Amino acid sequence: MTKVASISAVFPCYNDETTIGSLVDDVHAALAPLVDDVEVIVVNDGSADDSASVLDKLAEERPWLQVIHHETNGGYGKALLSGFAAAQNEWIFYTDGDAQYDASEAALFVPLATAEIDVVQGYKIGRGDSWYRKLIGRFYHHVVKLLFNLHVRDTDCDFRMFRRQLLVDRPLTSTTGVICVEMMRSFDRAGARFVEFPVHHYFRPSGKSQFFRLPAIARSAVQLMELWWHMVIRGR
């Protein structure tokens, strides 16, 4: 088994002033004893709350923390693209900034990242959401699994660790939430070797999801079909 030498932990942040600080500290505290080099990158995607000042203050006292500010909200995918582009280490771990996942569980992924594995993919133990969000989430998962011929058990689980080289070889382009589907399809087509592991998922402690609204769902459906056309039908 080859030891993981370095990890870049990436968090997209949009109006997450109440949660992002604890996530930053939790992931670093969890990974630092296991890995020689840990950097944490937070992308503030044009937050309208006090996230920017919270992050800047955190960075003053944490040399391992890099904060990237978007002047305006560019979307989930754009935030991830900025974070991934800034990552310098061998492995990239990412999860959301709203604390629906326990960032310290990233430590559970490190032993799974062996020489024979390229992607450590989480899947939710239950789902900390209302019943209709659970229903929409499962429907979305089965649709993208069928359309994109994906084999992971929880495409919608944004708790992943993967080799940075996968992005170097096949750069991602989506600036919206469908970047997760693009990522899974791209990794699969590249022949990446997956291992899956259960992670906890909790009710959102504050704020509101930007996805579970009818206009956002409609936009996502259009973007998903555009991605399907380019990646599956045209074979990009």
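These legends walk through a few close-up views of a predicted model. Local features need pLDDT of at least 70 and side-chain atom pairs count only at pLDDT 80 or more, while totals for chains, interfaces and linings use all residues. Residues are numbered from 1 along each chain as its sequence is written, and side-chain values use heavy atoms, with hydrogens and water left out.

**View 1. Asp 118 and its surroundings.** Asp 118 sits in the loop between β4 (91-95) and β5 (119-125); strands here are DSSP runs of E, at least two residues, and helices are runs of H or I, at least four, numbered from the N terminus. Its relative accessible area is 11%, so Asp 118 counts as buried (under 20%, using a 1.4 Å probe and protein chains only). Its side chain makes a polar contact (N or O atoms within 3.5 Å, one able to donate a hydrogen and the other to accept it) with the side chain of Arg 163, at 3.1 Å.

**View 2. Strand β6 and its partners.** All 5 of the 5 residues in β6 are buried. Phe 159, Met 161 and Arg 163 point one way, and Arg 160 and Phe 162 the other. β4 pairs with β6 in the antiparallel sense over 5 bridges (pairing takes at least two DSSP bridges), and here Trp 91 stands opposite Arg 163. β5 also runs antiparallel to β6, joined by 3 bridges, with Val 120 opposite Met 161.

**View 3. Around Val 27.** Setting aside neighbours within four places in sequence, Val 27 is in contact (heavy atoms within 4.5 Å) with Ala 9, Phe 11, Val 40, Phe 93, Ala 103 and Ala 106.

Technical notes:
Buried < 20%, exposed > 50% of the residue type's maximum accessible area, 1.4 Å probe, protein only.
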